[in-house]
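Thank you for letting me take a few minutes of the meeting. Please have a look at the sequence and the structure together, and then I will go through some aromatic rings and a piece of the surface.

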Amino acid sequence: MVLNYIWIGFFLLAAVCALVQAVGFGQTGVFADIISSTFDNAKTGFEISLGLTGVLSLWMGVMKIGEKGGVVAVLSRVLSPLFTRLFPDIPKGHPATGHIFMNIAANMLGLDNAATPLGLKAMESMQELNKTKNEELRMKNGLSEAEVAERNATASNPMIMFLVLNTSGLTIIPVSIMVYRAQLGAAQPTDVFVPILLATFAATLAGIIVVSLHQRINLLQPVLLGTLGGLCALVAGVIWAFSQMGKETMDVVSSLIANVLLFAIILCFILAGMRKKVNVYDAFIEGAKDGFTTAVRVIPYLVAILVAIGVFRASGGMNLLIGGIEWIVQAVGLDSDFVPALPTALMKPLSGSGARGMMVDAMTQYGADSFAGRLSCIFQGSTDTTFYILAVYFGSVGIRNTRHAVSCGLLADLAGILAAIGVAYLFF
């Protein structure tokens, strides 16, 4: 329901902005830009889904080997003390906990191509739990088929917690951002590493707190307190370790860790399958078929959200929004140096590629080592593409009623944006 209103809102706001530009400023070409954007973004949505097909097939095939080889089950048992408290509706030892962990680990290492299929597999596991629970309710309370179908299309509490953890975008090694900075002539491309780590951690922590309050999860439990404290210590340790390295060493080490870990996961799953005497090849093919089916299911959801975002951008709505914010900031007497970087922050929940373009544009226009250039990089690394993740993850399992997922995800984004601004002023 929330996505329905948001989707409609994009088009209505675009219409208003286009009329203002056409009538007030004589820019009648804006309507041609809007129509062009609908075709371009529909094509982009299809191409993204098509591009996901191979990656989804690969990683869902690997995950199927892991399931049959028992690796996912082992991860589930190890993580049960934490996940039974953070995801109380997931039964102890359920494979979904292993899938969730694999996705979060891939995200933390910046392995986007691996994280998405792992996340879709986790969402699929949670939807199976959702359907089982609703079928039990039908048997117990005599629910109709229509009522069961409606419940199956409604996001469960674990789905929402998982989605917000994804949208908060916790990333330890932002390799791609540092590469862009190097290409655009930054004197020290890695100087945004620590600020990004601090901002993304703030977003993740805020997301966990907001969802926990909404779902009445007690964060004062010793296991949760210990885990969150341990994560704080881990972040501090990573910051210290990388602060001792030069640029070249940091790039080599971060890339090496990510790639070695990725290959180790594949190798571990294959060896586990061999140990269990699983036909590894057949298991991979079985999982890969699911990956292809999932990629096809995602297409309409992705096209819908990208077209709406593209229309809003083409109407000039984003430029009007930024101009309005700058005027307000200056009117209240605050420093407005951060405003030129805001397009990246505002675009990030809507489109990852759009935000990347805004980041590159800010560094090109103001300089890679300017305040706006650095802040745009911190914005890019502090959160993830909330609406893209909503469309892909929920769309893959047919979820239409997102409940409090959007509001909690956007609050985590807001925390990341505010933290990014704060650490940027602190460091630069």
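What you see here is a predicted model, and the structure holds seven aromatic pairs. For anyone new to this, a pair of aromatic rings is described by the distance of the centres and the angle of the planes.

Let me begin with phenylalanine 10 and phenylalanine 312, which form a tilted pair, with 5.9 Å centre to centre and 50 degrees between the planes. Phenylalanine 10 lies in helix 1, residues 2–25, while phenylalanine 312 lies in helix 12, residues 280–314, so this pair ties together parts that are 302 residues apart in sequence. Are these two rings buried or exposed? Phenylalanine 10 is buried, and phenylalanine 312 is buried as well.

Phenylalanine 10 also pairs with phenylalanine 387, and here the arrangement is edge-to-face, with 6.4 Å centre to centre and 75 degrees between the planes. This second pair links distant parts of the chain, since phenylalanine 387 sits in helix 17, residues 386–396, and is 377 residues apart from phenylalanine 10 in helix 1. Phenylalanine 387 is buried, like phenylalanine 10, and Phe10, Phe312 and Phe387 form one aromatic cluster.

Now let us turn to the surface, where Phe263, Leu267, Ile270, Leu271 and Met274 make a nonpolar patch of about 480 Å². If we pick out leucine 271, we find it in helix 11, which covers residues 247–275, and with a relative accessible area of 48% leucine 271 counts as partly exposed, because the word exposed is kept for values over 50%.

How values were computed:
Residues are numbered from 1 along each chain as its sequence is written. This is a predicted model: local features need pLDDT of at least 70, side-chain atom pairs count only at pLDDT 80 or more; totals for chains, interfaces and linings use all residues. Side-chain values use heavy atoms; hydrogens and water are left out. Patches are made of residues with over 30% relative accessible area and no salt bridge: like charges are joined within 9 Å, nonpolar side chains (Val, Leu, Ile, Met, Phe, Trp, Tyr) within 5 Å. Accessible areas come from the Shrake-Rupley method with a 1.4 Å probe; for residues, only the protein chains shown count as cover. A salt bridge is a side-chain nitrogen of Lys or Arg within 4 Å of a carboxyl oxygen of Asp or Glu. Helices (H or I, at least four residues) and strands (E, at least two) are DSSP runs, numbered from the N terminus. Buried means under 20% relative accessible area, exposed over 50%, partly exposed in between (1.4 Å probe, protein chains only). Rings of Phe, Tyr and Trp (its six-membered ring) pair if their centres lie within 6.5 Å; planes under 30 degrees apart count as stacked, over 60 as edge-to-face and the rest as tilted.
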